[in-house]
Every structure is written in C-alpha cells, then in structure tokens.
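Here are a few notes to help you find your way around this one. Keep the structure open while you read, and take the points in order.

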Amino acid sequence: MNTPQSGSADKPMGFFTLAAMAPGPLAGAAVLAVLSAALSLAPLYLLYRMALAIFAAQPDVAAIRGLAAQALVLILLRWVLMAASHSLAHLGAFSVLYTLRLHMARQLARVPMDFFGRQGSGRLRKTVVDDTAAMEGFLAHMLPDAVASATVPLAALALMALLDWRLTLAALAPLPVALALQAQMLRRSGERMREWHDLQSAIAAQITEFLRCMPVVKVFGVSARSFGQLAQAIHGGVDWVDRYARGSAAGWATFMALLTANLVVVAPLGVWLFVRGQVDAATLVLFLLVAPSVLQPLLRLTFAFGEQARRAEALRRIDAVLRAPVLPNVAGAVPPDLSAPHALEFDGVHFAYGAGADAVVLHNVTFTAPAGQLTALVGPSGAGKSTIARLATRFHDATAGSVRLAGLDVRAWPLPDLLARIGIVFQEVFLFHGTVRDNLLVARPGATQPELEAAARAARAHDFILQLPQGYDTPIGERGARLSGGERQRLSIVRALLKDAPVLLLDEAMAHADAENEWLIQQALDAVCQGRTVLMIAHRLHTIRHAAHIVVVDAGRVVAQGRHAHLLQTCALYRQLWADHGDVRDWQLSSGQEVQP
C-alpha cells in the first residue's frame with residue numbers, strides 16, 4: 001500500500017492521492033462498477049428484442065423465452081458484480097483510513113506541543129476521526145457510484161443514437177438548463193462548506209470542554225442551555241442550516257425536476273413519430289424505458305459533487321496535519337555518547353510561544369543539573385518551571401540558546417533515542433482506558449510479570465493493585481477514573497521505574513497528594529531517583545531541602561541557584577518561599593473544625 005506524503009515540496013493531497021494508497025482494490029471496484037452499470041441496460045435491450053419478436057407477423061415464442069432467460073441471468077450477474085464492487089471498494093477505503101490515521105498519529109507525535117494548543121483538542125479529534133471517516137464515503141461509495149453513474153448515460157446514449165437520433169436529442173433537451181442551474185448553485189459551495197466545518201469544529205471543541213467541566217457543571221448547577229459558548233455554537237449551526245436550506249431548496253427542487261422530466265419531451269415526440277410511422281412500437285417502448293437512464297444517474301453525480309466540497313475541506317485539514325512542521329533535528333558533529341554522564345545543561349536559553357515580546361516566557365536561563373544527582377526547580381506559579389523541563393524533552397524547542405544532554409544539544413539527538421533516555425512523572429497523570437497492566441506496559445511492552453511486580457513494590461503500588469478486583473488485570477476506566485489521585489500517581493512512578501531511563505523529570509509529582517499518599521509517593525520517588533539525573537519541579541519545599549542543586553526561577557529568569565542553606569542566606573525569594581511553605585505546613589484542623597496556626 002502506498003503511504004501519504006507530506007512536506008512543503010509536495011503538492012497538496014488530493015482525492016486521487018487517496019485512491020493511489022490502495023490502487024488494487026479501488027481500481028478493481030471501479031471496473032466491476034462499470035460492468036455492473038452496463039449490465040443494467042442489457043435487460044432493457046433484451047426487452048426491446050422481445051418486443052420486436054412479439055410484434056412480428058409470426059411471434060417466436062421460443063426466442064422470447066430465451067431472451068427472458070438471458071435477461072434474468074444478466075440481472076443476477078449485475079447484482080453479483082455490484083456486490084463484489086462494493087466489497088472491494090470498502091476494503092480499499094478502510095485500508096486508506098488505516099493508513100491516514102496511522103500517519104497522522106505518527107505526525108502528531110513529532111510536532112511541538114504548542115501545535116496542540118493552537119489547534120485545540122476538539123478540532124484535532126474531528127480531523128483524525130470524523131474527517132478521515134468522511135474519506136471512507138468518497139472511496140467506498142462515491143467513487144464506484146460516480147463511475148457507474150457516468151457509464152449508464154453514455155451506454156444509454158449510444159444505444160438510443162443507434163436507433164433514432166431525434167428521440168435521443170429529445171432525451172437530452174432538459175440537460176443544458178439543468179447544468180446551468182447546477183453551476184449557479186455550486187458557485188459558493190466551497191465557501192459554504194468551510195463555514196459549515198468551522199461551525200462543526202467549534203461545536204466539537206465546546207462539547208469537549210463541556211464534558212471535561214462536567215464536575216463543575218454538576219456542582220454549580222450549570223445547565224447545558226446556560227453553558228453559553230456551547231449553546232451559542234449549537235444555535236449558530238442551526239441558524240446556518242436554516243439559512244442554507246431556505247436559500248437552496250427552490251434551486252435544488254427545480255434541478256431535480258429537470259433531470260427526471262425528459263419523458264415529458266420524449267413521450268409526445270415518440271408517439272407523434274409512431275403515429276406517422278417513422279418509429280415502430282418496439283423502438284418507442286425502448287426509448288420510454290431507457291430515456292430516464294440518460295439523466296437520472298446525473299442526480300447521483302450531482303449529489304456526489306455536492307458532497308465533494310465537504311470532503312475537500314475535510315481533506316484540506318487532514319493534509320494540514322500531515323504537513324504540520326515537526327521538531328527539526330540539528331545535525332550533530334558526533335552521534336550521542338550513551339555512556340557519557342547524563343548531565344542536563346541549559347545555556348542561555350530563551351523561549352517564546354509566539355511572536356512579540358509578550359510571548360517570551362524564558363529569558364537567558366543558564367544552569368546545570370549534575371549527572372546522577374537531584375536538581376530542584378522552585379519558584380512561584382507561572383515562573384516557567386514546567387516550560388524549562390519540557391525543553392529537555394523537546395516538547396518545545398528553545399527559541400535561542402541550547403539545552404544539552406550528555407554534552408550534546410537535544411536537537412542533535414534522534415528523537416526516539418532522546419526520549420528513551422528520559423523518564424517523566426507528570427503532575428497530571430495520563431492513564432488510558434484499559435487495565436492496570438496495559439497502562440504499565442506502555443513504559444516497557446516486553447516487561448514480565450516479575451518485573452512489573454518489582455517496579456510496583458518499589459513504587460509502593462503493589463499492595464493497592466492486589467486489592468483491586470482483578471489485580472493487575474483490573475480495568476481502571478477512562479483516565480484512571482476508578483483510582484484515587486495518589487494511586488494514579490504511583491502508577492506513573494511504576495512506569496518511570498520500568499522505563500529505567502538515566503534521566504528523570506518530576507513535574508510537581510506530589511502537588512495534590514494528601515498526607516498518606518505524600519509519604520508513599522515520597523518513598524516511591526526515593527526509589528526511582530537512585531543513581532539518576534533528576535530534574536524536579538516542587539512546591540513542597542521540604543521534599544527538596546537535601547537536593548544537590550536548587551534553581552530558583554522567577555518570571556522566566558534564574559534568580560539564584562545553590563544548596564538549601566546557601567539560598568536561605570542569599571536569596572530573598574527562596575527565603576520567602578520557604579517561609580510560606582512552613583506557614584502552610586503549620587496549619588491544621590482541630591477536632592472542633594477551627595483552623596489554628
């Protein structure tokens with residue numbers, strides 16, 4: 001199977017590019033559709049011959065029976081060919097859908113994280129799921145139908161032209177008017193479909209946000225009607241459909257009437273010619289049967305071309321994803337030295353999410369996370385700590401300066417090799433809809449059960465996993481909904497242990513843990529940090545007081561760095577953070593529910 005190509009040097013993806021991804025099944029479907037369409041006229045021709053035999057001076061009963069038998073065989077053969085055509089078309093269509101979605105998934109894994117922020121999850125979900133599904137309609141249905149719809153009129157015209165050119169022209173009489181009307185109706189179809197898709201994307205995005213905010217909706221009694229942006233998007237879609245239907249109903253009705261009305265011209269002319277003796281009864285019957293076949297198939301072509309505008313817009317968005325700029329690799333002078341100490345170095349790093357001074361979030365960040373030791377990033381919320389950590393994993397690339405791992409710029413590392421050297425424990429744990437085992441094996445698919453259990457014990461997760469109804473094979477629901485926050489966090493630490501990477505990034509791993517889970521998670525982190533280069537983002541400063549190196553960040557700048565005792569003496573911001581942290585830890589609830597310092 002051919003695969004979709006992307007890149008600035010390539011032409012935009014078109015529908016024939018899609019068909020070329022599965023040429024065998026789709027070409028076979030088209031050929032069978034042509035044969036099936038041609039056979040749809042064969043019984044009518046045999047009926048014409050039967051009429052000639054019936055109206056003959058001496059009717060040949062045997063010949064009539066033979067022609068009837070042939071017609072039955074041809075009708076059955078036509079339906080067999082049609083079924084085979086549809087089967088091949090669906091086989092090719094689903095092969096193309098598989099290829100498109102696979103390549104989009106691979107492309108999305110290589111783009112910067114800000115691409116997802118610009119596009120939005122609702123829009124991307126619609127592209128990957130709905131827009132690719134729309135391509136199935138084109139390949140499995142429209143392509144064979146379009147070929148068949150073009151074959152039938154041509155075959156019918158050829159048959160009629162052999163018998164009588166006057167009735168043939170009469171059968172085509174409504175066509176010029178119908179085509180002129182169609183051209184007028186389709187003049188703004190592309191623009192209208194873009195408007196419709198924008199509305200659908202907006203609705204999808206708002207529905208996604210509404211579902212994510214469902215706890216807030218329930219707690220505060222916010223109804224769907226009062227959820228303003230969602231309601232506005234839905235009403236906008238309804239209003240657009242109403243305007244479109246009102247504006248196009250009359251034109252489409254007239255167009256369809258023209259394509260089904262050629263008998264209004266053929267029948268009177270045919271009867272007049274028959275009365276004058278210029279055509280025989282068999283020819284008149286044939287024209288009355290075949291004439292609708294000249295224009296009526298064009299209705300299917302018209303609807304197909306109308307749908308084509310919608311699918312063209314969907315294909316444009318698919319192509320945009322496949323062409324999305326990926327994180328580039330900077331050619332390194334030497335390949336990565338995997339045996340070198342895995343220190344993380346930030347050298348004059350600047351980073352901006354877009355153009356303009358307001359978009360800059362990191363300014364001249366310079367520090368080193370020593371190999372095999374714990375380095376902590378501390379600072380107020382919004383200081384840029386998470387952004388710094390994500391530059392190490394190339395979730396983003398530095399706007400200026402460099403980030404080096406083991407002495408080599410991270411942009412010079414092959415991305416799979418870079419990510420294989422880094423384990424991550426996020427503040428927000430990402431779990432898939434599956435079992436505990438499925439979620440752990442993401443880190444190392446080939447891990448054995450003893451290896452899973454060893455990592456789970458080290459992460460203080462083995463005991464609670466065994467208490468689940470099916471142990472490691474227990475389904476945990478979407479996003480791990482059946483587990484507590486602390487349990488989800490410990491599963492993410494199990495993943496980090498299974499990956500066994502030399503560098504570990506901890507993004508506020510205990511930010512939302514209660515006292516019991518904080519103790520368990522701290523024990524798990526102590527296990528996972530042994531012998532690794534650790535870059536830890538922490539709000540609970542007591543967890544990093546013994547760190548080998550502490551970097552204080554404020555407003556995207558490194559304002560101080562050193563060990564805990566040194567920073568307490570020399571950095572006012574760190575002293576304030578430590579004092580605030582101590583105040584929070586001193587607060588407790590008494591048994592009488594009064595808050596005491």
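1. Let's start with the sheet, bearing in mind that this is a predicted model. Four strands make up an open sheet in the order E2-E1-E4-E5, and the pairing is antiparallel. At the edges sit E2 (360-369) and E5 (408-409), each pairing on one side only.

2. Now look inside the sheet, at E1 (residues 344-352) and E4 (residues 400-405). These two strands run antiparallel and are joined by five bridges. If you want a spot to check by eye, His350 stands opposite Ala400 in E4.

3. What lies across E1, E2 and E4? That's helix H15 (residues 385-392), which runs at about 115° to E1.

4. Next, go back along the chain to helix H2 (residues 23-39). With 17 residues at 1.5 Å a residue, H2 should span 24 Å, and its end C-alpha atoms are indeed 24 Å apart, so the two agree. Its buried residues are Leu26, Ala29, Leu32, Ala33, Ser36, Ala37 and Leu39. Because they cover an arc of only 150° around the axis, they fall on the same side of H2.

5. Helix H18 (residues 449-458) is worth a similar look: Leu452, Ala455 and Ala456 are buried there. Their arc around the axis is only 100°, so they sit on the same side of H18. Which helices do the buried residues of H18 pack against? They pack against H17 (436-441), H19 (462-466) and H20 (485-499).

6. One last backbone detail: just after H18, Arg460 takes a positive phi of about 55°.

Technical notes
Residues are numbered from 1 along each chain as its sequence is written. This is a predicted model: local features need pLDDT of at least 70, side-chain atom pairs count only at pLDDT 80 or more; totals for chains, interfaces and linings use all residues. Side-chain values use heavy atoms; hydrogens and water are left out. Buried means under 20% relative accessible area, exposed over 50%, partly exposed in between (1.4 Å probe, protein chains only). The arc is that of the directions from the helix axis to the C-beta atoms. Contact means heavy atoms within 4.5 Å. The expected span of a helix is 1.5 Å times one less than its number of residues. Two strands pair if DSSP finds at least two bridges between them. Axes are lines fitted to C-alpha atoms, for helices over the stretch in contact, and angles run from 0 to 180 degrees between N-to-C directions.
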